[in-house]
Number of protein chains: 2
Amino acid sequence: MGLIFLDHLAGTPLHPKVKEAMIHHMETVFGNPSSDHQIGQPAAQALEKARGQVAVLINAQPQEIIFNSGGTEGNNHAIKGVAIGMREKGRHIIASNIEHKSVLNSLRTLRLLDYKVTSLDVDHYGLVDPAAVEKAITSDTILISIQLANNEIGTLEPIVDIAKIAQKHKVIMHTDAVAATGIIPVDVKELGVNLLSLAANQFYGPPGTGALYVRKGTPVWPLLDGGVQEGKRRAGTENLISIVGMGAAAEMARLEMPERLPRLKAMKERLAKGLLERIPEIRVNGHPTRCLPHLLSVSVEYVEGESLMLMMDDDDVVVATRSACASGSLRASHVLIGTGLDFATAQGTLVFTLGKDNTDADIDRVLEIMPGVVQNLRNMSPLYKKAH
Amino acid sequence: MGLIFLDHLAGTPLHPKVKEAMIHHMETVFGNPSSDHQIGQPAAQALEKARGQVAVLINAQPQEIIFNSGGTEGNNHAIKGVAIGMREKGRHIIASNIEHKSVLNSLRTLRLLDYKVTSLDVDHYGLVDPAAVEKAITSDTILISIQLANNEIGTLEPIVDIAKIAQKHKVIMHTDAVAATGIIPVDVKELGVNLLSLAANQFYGPPGTGALYVRKGTPVWPLLDGGVQEGKRRAGTENLISIVGMGAAAEMARLEMPERLPRLKAMKERLAKGLLERIPEIRVNGHPTRCLPHLLSVSVEYVEGESLMLMMDDDDVVVATRSACASGSLRASHVLIGTGLDFATAQGTLVFTLGKDNTDADIDRVLEIMPGVVQNLRNMSPLYKKAH
């Protein structure tokens, strides 16, 4: 049996059409889209084609798309850009305490520069309460940043409701939609947000490539100052090879989503049901229905997630203990702790993220090997022995 | 006769070895370097291989290289990162007034956040006076940012001298080496700088891909906050496809530089001499000897640079009127004005940047067509008619 890859949140393999588009571009175009001469023209055309492809995916206008180096840059740009752009109006920002680190650490930097942040608690599903958002708004509030989908537990936040509150109070609304865009339908107009971050490597595009949606009229200062690229909102020569790949990935995500979605959902249900049946003292994290269709986070008591991951890796089943963004950090996930999970259980977490090429046979293989791996690890655990 | 490309500053075609490395990577590796499982390992190896290749090119340690999205990000990171990292020590920064827009506009943003900037004049060659730098230092100075080579006129600044002054006064020294790195030898230890920006698309690597050299111990706050990538100094999933290309480009630049350099120099001299002989009222901008070997900026009186560029483009000779970064902006080049050139002459500027694949025949073709194009344009100029 070959390798089974179930960590698509860390990065997806390139879609064959993406690879094809990137290689074709590399072999035919090398110009700079900003050049006025004949070598610049095909580059400018390729850039605008990709912009259109990404815009359609999220129901935006092409000029509302700013290409960048990924979700982290988009989140930094949205938050710091509004902070500087709106500094005369106020210096208060609202976010949840289970946002991605690129949001939380951007806010940490702003605190150094005398901005104030309200960090909202979530319930045990990871849900933000819109009423709590409204209560936190002051006359000094300039921005609300709440993710569309959490990247560790998959919970979908009530963005439509929160955006309505933001609009009512004339506060700018940003959503980190990195874990959701390209997987589920994302429509910036339906969501009602001013700013939305997305990343190509969540939907079979290249890594380190993303975009920030900026609704027309939203005052966002550049994060990268310099030349006049991207409508003067993001300076720097574009990584056009990657952008072309992102455009192709956006188009394929849009076209294939109707086929991908029900398959992902069915596989996730099969996996969750199978694990709950086969492994005692296991729990599913996140909201049971308001959740991403391809992400399953489970916590297994008396087991250390890292060991579990490595032993399954030995059996060629590749999963994550937590987001790749947080690997290398040894602390327990701030997201799981934020949902009220105790530290020990949080340490025993596996995150499965399914992809379009996974099959029921892959799920069955997980169900075949994981109970045994868990039992082996538990047999070595003094805490487990004591409890049983 | 085929197309003659003489605008390599806007971006170089990919070196065949770069293309090969990128395509091979796209076909064999898709993991995230931060993942601890078997899919992450080859990605982490590819990342560290590229880091080593870039480090060797500039005589740095691998851990002193931070990959990013290009020269603009490197300059923003160096300047804003030191500004935040050193905010307790002081809030004064020194730069020249002919720096790249990514430096100048980063400083503009810092001014909004209550930092102070001294902008130094240059002489008519575009040279910064080290004594003027020293005079500008105050007890509040935290950073000096002076480019290694100017990207519009090619003048090489006395960085070694300025870095010594910076060190003497315990001020951090950054140099924007984007236009120089990969073209001429760049050695961070010889230069004595703390920070140095470079970009892959200046030496046959992919666009939108670069690195910031950060000497060990230099206090630079992240520009992109978030995960723990790049030693916690630059968050965000790496654009590994592009980084692998940059590594290969750095290696080829190092290996081929001894062969490329004398050829570029000889072609540039042939071009300069030929143009001065054939076109009356033409001047060469920048320093005659302390200059980049592949960049020639000339200003032609009574001619509008944009028209000249477009007419030569019709004859399949592709040059720039100014840096691609500044295209789209209609103002005269701040660099040329900074060297004391009058507005009208500055408008008649062409920038040739030669590449490794150019030949003497390409230069001869320019010498063949450009005098006629200039004369045609002048014949339409009322000012020229009046003066002659």
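This passage describes how two domains of one chain, and then two chains, meet in a predicted model.

It is convenient to begin inside a single chain. Chain A is divided into two parts: domain 1, built from residues 4-11 together with 257-387, and domain 2, which covers 16-252. Between the C-alpha centres of domain 1 of chain A and domain 2 of chain A lies a distance of 28 Å. Where the two touch, 29 residues of domain 1 of chain A face 33 residues of domain 2 of chain A. About 2,700 Å² is buried between domain 1 of chain A and domain 2 of chain A, and 59% of this area falls on carbon and sulfur atoms. On the side of domain 1 of chain A, the residues that lose the most area to domain 2 of chain A are M257(A), R290(A) and H334(A), which together account for 22% of what that side buries.

What kinds of polar interaction join the domains? Between domain 1 of chain A and domain 2 of chain A, the count of salt bridges is zero, while seven residue pairs are in polar contact across the interface. Turning to secondary structure, helix 9 (240-278), strand 10 (295-300) and helix 11 (334-338) of chain A each supply at least two residues of the side of domain 1 of chain A that touches domain 2 of chain A. Of these contributions, that of helix 11 of chain A is the most, with four residues. The make-up of this side of domain 1 of chain A is 13 nonpolar, 13 polar and three charged residues.

The contact between the chains comes next. Here chain B and chain A contribute 71 residues each. Together chain B and chain A bury about 5,600 Å², with 61% of that area on carbon and sulfur atoms. For chain B, M26(B), F30(B) and D225(B) provide 11% of the area buried against chain A, more than any other three residues.

Across the interface of chain B and chain A, 25 residue pairs are in polar contact. Several helices of chain B each place at least two residues on the side that touches chain A: helix 1 (16-28), helix 3 (71-85), helix 4 (101-112), helix 9 (240-278) and helix 10 (305-314). The largest share, seven residues, comes from helix 4 of chain B. By class, the side of chain B that touches chain A holds 29 nonpolar, 27 polar and 15 charged residues.

Charge pairing deserves a closer look. Side chains of opposite charge can pair when their charged atoms come close. Over all chains of the structure, 28 salt bridges are found, and two salt bridges lie across the interface of chain B and chain A. One salt bridge joins D225(A) and K80(B), whose closest N and O atoms are 2.7 Å apart. This pair crosses between chains: D225(A) sits in the loop between strand 8 (210-214) and helix 8 (229-232) of chain A, and K80(B) belongs to helix 3 of chain B.

Finally, how are the two copies related to each other? A turn of 180 degrees with a shift of 0.0 Å along the axis lays chain B on chain A with an RMSD of 0.0 Å. The two copies are therefore related as by a two-fold rotation axis. Among the residues of chain B, S69(B) comes closest to the rotation axis, its C-alpha being at 3.2 Å. Both copies use the same surface, since 100% of the contact residues of chain B recur in chain A.

Key: Residues are numbered from 1 along each chain as its sequence is written. Chains are lettered from A and ligands numbered from 1 in the order in which they are written. This is a predicted model: local features need pLDDT of at least 70, side-chain atom pairs count only at pLDDT 80 or more; totals for chains, interfaces and linings use all residues. Side-chain values use heavy atoms; hydrogens and water are left out. Domain bounds come from an automatic or database domain assignment. Contact means heavy atoms within 4.5 Å. Buried area is the accessible area (1.4 Å probe) that two parts lose on being put together, summed over both. A salt bridge is a side-chain nitrogen of Lys or Arg within 4 Å of a carboxyl oxygen of Asp or Glu. A polar contact is a pair of N or O atoms within 3.5 Å; within protein, one must be able to donate a hydrogen and the other to accept it, and residues adjacent in sequence count only if both atoms are side-chain atoms. Ala, Val, Leu, Ile, Met, Phe, Trp, Tyr, Cys and Pro count as nonpolar, Asp, Glu, Lys and Arg as charged, and the others, Gly among them, as polar. Copies are superposed by least squares on the C-alpha atoms of residues with pLDDT of at least 70 in both.
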